[in-house]
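Open the structure in your viewer and keep the selection tool at hand. The stops below go one selection at a time.

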Protein chains: 2
Amino acid sequence: MTELVTTVGAFQDFCQHARRPLALVPTLGALHEGHASLVRQARSDCATVAVSVFVNPTQFDASRDLERYPRPLEEDMALLRQAGADIVFAPSVEEVYPEGFVTLVECSGPALGLEGAARPGHFQGVTTVVTKLLAMAQPDAAYFGQKDAQQLAVVRRLVTDLNIPVRIQAVSTVREADGLAMSSRNSALSPEDRAAARVVYRSLSAVVDLYGRGQMEASELEAGCRHVLESEPRIDRIDYVALVDPITFAPASPADGNPVLFLVAVRFGDTRLLDNVVLGG
Amino acid sequence: MTELVTTVGAFQDFCQHARRPLALVPTLGALHEGHASLVRQARSDCATVAVSVFVNPTQFDASRDLERYPRPLEEDMALLRQAGADIVFAPSVEEVYPEGFVTLVECSGPALGLEGAARPGHFQGVTTVVTKLLAMAQPDAAYFGQKDAQQLAVVRRLVTDLNIPVRIQAVSTVREADGLAMSSRNSALSPEDRAAARVVYRSLSAVVDLYGRGQMEASELEAGCRHVLESEPRIDRIDYVALVDPITFAPASPADGNPVLFLVAVRFGDTRLLDNVVLGG
C-alpha cells in the first residue's frame, strides 16, 4: 500500500509517526529504473520509505526546460508502488513555496564549477529544497543517484555544514542495455540522438580502458574521452570533460594517488546528458 | 546540575536523549538578566533546557565589534545554573565552522532593511548558525528576545520557509531600573553614556504617549521619537526610527489598523543600542 499525500502537514505527520529507520528518496518525478533502484535500496535498508515527487522550479535555470519536464504522476505512482514506497509526497509549487517565501540555502565549494557554472542557480535550488524536505521528513537516511555526482557531493556538503543528522546514501547509476545512463531527460531525445547517445558511455569506457592500462595523466584521460565524443557528429556540444575529487570537486588527477571522478556533460540539441565513472579507490 | 559540552557530537547526543519537550536558548554569551528571563521562561515551559553560548563570528559585520565582544564563560555558567539550564553548549569557532565549511542560509524579506541594511551579512550569519543549532538540538521550542525584534522576525521566517518543526517563542524585553533595555553591549558604554542612554526608552515612552492620545500618523510618531532623542547631545547618531509590520518588517502605520512595531537604533560612539515597542494588538 503506497499512500499519496500532497500537503506538507500530512507528510510531516506521516513521517513523525513512521517506523524507524525512515528513508527519504527525493525525486523530480518522471521516474525510471534508476529511481526504482534508489527506492529498492531504501526498502532493503529501512523500515519506512518516503519518496518526494516534486518538479522543483527553483532548480531549473531555463524556463523551457522546466515547462517541458514531464509530470506523469500516475506512472510514477505505479513504479513506486512496485518498488515498495510507503508514502509519496507530491506537493504543488505553492505548497512548497507559499506566498512570502524568502529563504535560500546556498553552498559554494563543490557547487561552484561544472554543473554549477553551466546552470546558474541550479544547486541553490537543490540545496534549498533538499534542506526543506529533510526538515519535513527528518529521515534517518536519504538516497541520491551516483549519476548526478556533483549533486551528491553538494548534498553531502550541505548536511555536514548544517549539522543535519541524516545519512546520505549514494546508489549506483542504472544503465540501458547500450550503456546509456538512465535519465528522465533521455525521453526528450529523437530516435537518432537516442541511438547516438550511447557514445557517452563509450567515451567513459575508453577512459576506464586507458586508466586500466596505466594512464594516470588527467590531460591524456580527458583527451581520450573527447576523442570518442568527437567521433559522434550528432553531439552539438561537449559542455565539459573533467577529472575531480569526488568530495570537493576540485580538479584532481589519478596521479595524485586518490580515487577521482571522471565526469562528462554533452548536449544533443537542448538535452544535456551527464555521466561519470570513479577511477581508483 | 548544569552540564557543559563543547563538541557538536556531545551536544547532539545529549539533546537526542533529553526529556521532551526540549527548549533551546541560543545566545552569544555575555549573559544578563534578559537572557536569564529567556531561560526561566524555557524552564517553565519545557522538561529540558539547552542553552548555546557562542560568539558567532559570521554575524559580526565589524571585526572590532567581534574582538571586543565579551566572553565571560564562568559568569555565564553561574547565571545559567541559577536560571535552571540543563546543558550549555559552548563550542569553539572551529567546532561550528570546520575546515571546508561553505554553506549559507539567507533570508531576504524581513532581513533586508534596518539592521540588515546597517550590518551587511549580519542576518545571514544569524540564519546560518540558527539553522545549524536547530539541526543539532532538534528542539521543540526555541526562545528569542523581543528586544532584537527584527532577528525574531527573521528567525520566524526562516523556520517557516525551511519547514523546521520548532515553535519560536518571543520573550519580553527586560529593562534596567531607568528603562534601558538590557544588552550585552551596555557594558561598553562610558558612565556618562550609560546615564544618557536612558533617553532611548524615554523616546519610546513618548511614542506610546502620543499613540495613547490618538496619534496614528507614522510621520508624527517618528517625529515625536526623534525630538526626544535629539534632546540628548551624547547620542552620536540616530541610525533609524521606524514603524514596521512585526512579521514582514515592511513599513507600516497604526492608521492601517494592525499592530505595528516601533523601532529605534542609536549610536553612542561605536556602541549601537536597539529598542522597540509594539503599538496596538
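Begin with the contact between the chains: 23 residues of chain A and 23 residues of chain B take part in it. Keep in mind throughout that this is a predicted model.

**The side of chain A that touches chain B**

Select α1 (8-16), β5 (103-107), α7 (122-137) and α8 (149-161) of chain A; these are the elements that give two or more residues to the side touching chain B. Of these, β5(A) gives the most, with five residues. Now colour that side of chain A by residue class: twelve of its residues are nonpolar, seven are polar and four are charged.

Does chain B use the same surface or a different one? Of the interface residues of chain A, 100% are also interface residues in chain B, so the copies meet through the same surface.

**Across the contact**

Next, show β5(A) together with strand β5 (residues 103-107) of chain B. The two strands run antiparallel and are joined by five bridges. To look at one pair, pick Thr103(A), whose bridge partner in β5(B) is Cys107(B).

**The axis**

Zoom out until both chains are in view. Chain A is superposed on chain B by a rotation of 180° with 0.0 Å of shift along the axis, and the RMSD is 0.0 Å. That is the relation of a two-fold axis. Which residue of chain A comes closest to the rotation axis? Select Val105(A): its C-alpha lies at 2.2 Å from the axis, the closest approach of any residue of chain A.

**Two domains in chain A**

Hide chain B and colour chain A in two parts: domain 1 (3-171) and domain 2 (184-276). Their C-alpha centres are 26 Å apart. The contact between them takes 14 residues from domain 1 of chain A and 15 residues from domain 2 of chain A. On the domain 1 side, α8(A) gives the most, with three residues. By class, that side of domain 1 of chain A holds eight nonpolar, four polar and two charged residues.

α8(A) has already appeared on this tour, as one of the elements that give two or more residues to the side of chain A touching chain B.

**The three-stranded sheet**

Move on to the strands β8, β9 and β10 of chain A, which form an open sheet in the order β8-β9-β10 with antiparallel pairing. The edges are β8 (237-244) and β10 (271-279) of chain A; each has a single partner strand, so one side of each is left without a neighbour in the sheet. Neighbouring strands here are turned by 10° against each other on average, direction ignored.

Select β9 (residues 260-268) of chain A with β10(A): nine bridges pair them in the antiparallel sense. Within this pairing, Val264(A) has Asp275(A) in β10(A) as its bridge partner.

Add helix α11 (residues 218-230) of chain A, which packs on the sheet and touches β8 and β9 of chain A. The direction of α11(A) makes about 155° with that of β8(A).

**Last stop: Ala195(A)**

Finish at Ala195(A), in helix α9 (residues 191-196) of chain A. How many other C-beta atoms lie within 10 Å of Ala195(A)? There are 13, so Ala195(A) is partly exposed; a residue would need 20 or more to be buried, and 12 or fewer to be exposed. Then draw a distance from the C-alpha of Ala195(A) to that of Arg234(A): the two residues are 39 apart along the chain, and these atoms are separated by 9.8 Å.

Key. Residues are numbered from 1 along each chain as its sequence is written. Chains are lettered from A and ligands numbered from 1 in the order in which they are written. This is a predicted model: local features need pLDDT of at least 70, side-chain atom pairs count only at pLDDT 80 or more; totals for chains, interfaces and linings use all residues. Copies are superposed by least squares on the C-alpha atoms of residues with pLDDT of at least 70 in both. Two residues are in contact if their C-beta atoms, placed from the backbone, lie within 7 Å. Two strands pair if DSSP finds at least two bridges between them. Helices (H or I, at least four residues) and strands (E, at least two) are DSSP runs, numbered from the N terminus. Axes are lines fitted to C-alpha atoms, for helices over the stretch in contact, and angles run from 0 to 180 degrees between N-to-C directions. Ala, Val, Leu, Ile, Met, Phe, Trp, Tyr, Cys and Pro count as nonpolar, Asp, Glu, Lys and Arg as charged, and the others, Gly among them, as polar. Domain bounds come from an automatic or database domain assignment.
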